[in-house]
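Colleague: I am new to this structure and should be grateful for a close look at one part of it. Please take a single helix and explain how it is placed among its surroundings.

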Amino acid sequence: MHQAASLQFERVVNEFARWLAVPEDERSPAPAWWWGPAIAVRDAHQPMPGAWSCTLGLGDGSTFADGACLLLALFEDQTSLPWPDDFPRKAEREDDETRELHPQPSDDSAFQP
């Protein structure tokens, strides 16, 4: 497995621990930025470090693929994704407060006249 994939998955495992520490009714939905690292290791059948397995609630000898499967399963019934400031806990805001989507720069170079 590529070292970068392992490092990114380690980051996700650490974030998962922070997310899991939040009471379920206050916890944000699982963040979309976990998809990429999980998909990158979904076919890696190498054993994960024991601490990572424990953090994910998996048994000793669990593989990276097992961890990826657990993370991807979080998205199966999820109907929304958190805003970055809503992770790991839902941000408190007024019901009438709306979020503005700021315009993002675009790259129109692909659409030449």
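Modeller: In this predicted model, the buried residues of helix α4 pack against α1, α2 (35-40) and α3 (50-55). Helix α4 itself runs over residues 64-73, and its buried residues are F64, A65, G67, A68 and L71. Around the axis they cover an arc of only 160 degrees, which puts them on the same side of α4. The general background is that an α-helix has 3.6 residues a turn, so residues three or four places apart point the same way.

The setting of this helix is an all-helix pattern: the protein chain has four helices and zero strands, and reads α-α-α-α along the sequence. Of the 113 residues in the protein chain, 29% are buried. Among contacts between residues at least 6 apart in sequence, 63% join residues at least 24 apart.

Two residues of α4 also stand out in the nonpolar interior. The largest nonpolar core has 19 residues, and those with the most contacts inside it are F9, W34, V41, L56, F64 and L71. The elements that give two or more residues to this core are α1 and α4. The greatest contribution comes from α1, with six residues. V41, one of the residues with the most contacts in the core, shows how α4 and its surroundings meet. Not counting residues up to four places away in sequence, V41 touches M1, A5, F9, F64, A65 and A68. Among these, F64, A65 and A68 are buried residues of α4, while A5 and F9 are buried residues of α1.

Helix α1 therefore deserves attention as a partner of α4: its end C-alpha atoms are 26 Å apart, which agrees with the 26 Å that its 18 residues should span at 1.5 Å a residue. The buried residues of α1 are A5, F9, V12, V13, E15, F16 and W19. The elements that cover them include α2, α3 and α4. A17 lies in the same helix, α1 (residues 3-20), but counts as partly exposed because its relative accessibility is 34%. A17 and W52 are 35 residues apart in sequence, yet their C-alpha atoms are 9.5 Å apart in space.

Helix α3, another partner of α4, contains S53. With a relative accessible area of 0%, S53 is buried. Leaving aside neighbours within four places in sequence, S53 is in contact with M48, L58, G59 and S62.

The aromatic residues add a further view, which leads from α1 to the segment after α4. A search of the whole structure finds nine aromatic pairs. In one of them, the rings of F16 and W19 have their centres 5.8 Å apart and their planes at 40 degrees, so the pair is tilted. F16 and W19 are three residues apart in helix α1, and are therefore separated by about one helical turn. Both of these residues are buried. A second pair is formed by W34 and F87, with 5.8 Å centre to centre and 85 degrees between the planes, an edge-to-face arrangement. Because W34 lies in the loop between α1 and α2 and F87 in the segment after α4, this pair ties together parts that are 53 residues apart in sequence. W34 counts as buried at 0% relative accessibility, and F87 counts as buried at 12%.

These residues belong together in one aromatic cluster, formed by F16, W19, W33, W34 and F87. A charge is also placed at one of its rings: the charged end of R27 sits over the ring of W19, 4.8 Å from its centre.

The segment after α4 holds one further feature. P88 has its place in that segment, and the peptide bond from F87 to P88 is cis, with omega near 0 degrees. F87 thus appears both in this cis bond and in the aromatic pair with W34.

To return to the helix with which this account began, the buried residues of α4 lie on the same side of the helix and pack against α1, α2 and α3. Together with α1, α4 is one of the elements that give two or more residues to the largest nonpolar core.

Definitions and conventions: Residues are numbered from 1 along each chain as its sequence is written. This is a predicted model: local features need pLDDT of at least 70, side-chain atom pairs count only at pLDDT 80 or more; totals for chains, interfaces and linings use all residues. Side-chain values use heavy atoms; hydrogens and water are left out. Buried means under 20% relative accessible area, exposed over 50%, partly exposed in between (1.4 Å probe, protein chains only). The arc is that of the directions from the helix axis to the C-beta atoms. Contact means heavy atoms within 4.5 Å. The expected span of a helix is 1.5 Å times one less than its number of residues. A nonpolar core is a set of buried Ala, Val, Leu, Ile, Met, Phe, Trp, Tyr and Cys residues joined through side-chain atoms within 4.5 Å. Rings of Phe, Tyr and Trp (its six-membered ring) pair if their centres lie within 6.5 Å; planes under 30 degrees apart count as stacked, over 60 as edge-to-face and the rest as tilted. A charge sits over a ring if NZ of Lys or CZ of Arg is within 6 Å of the ring centre and within 35 degrees of the ring normal.
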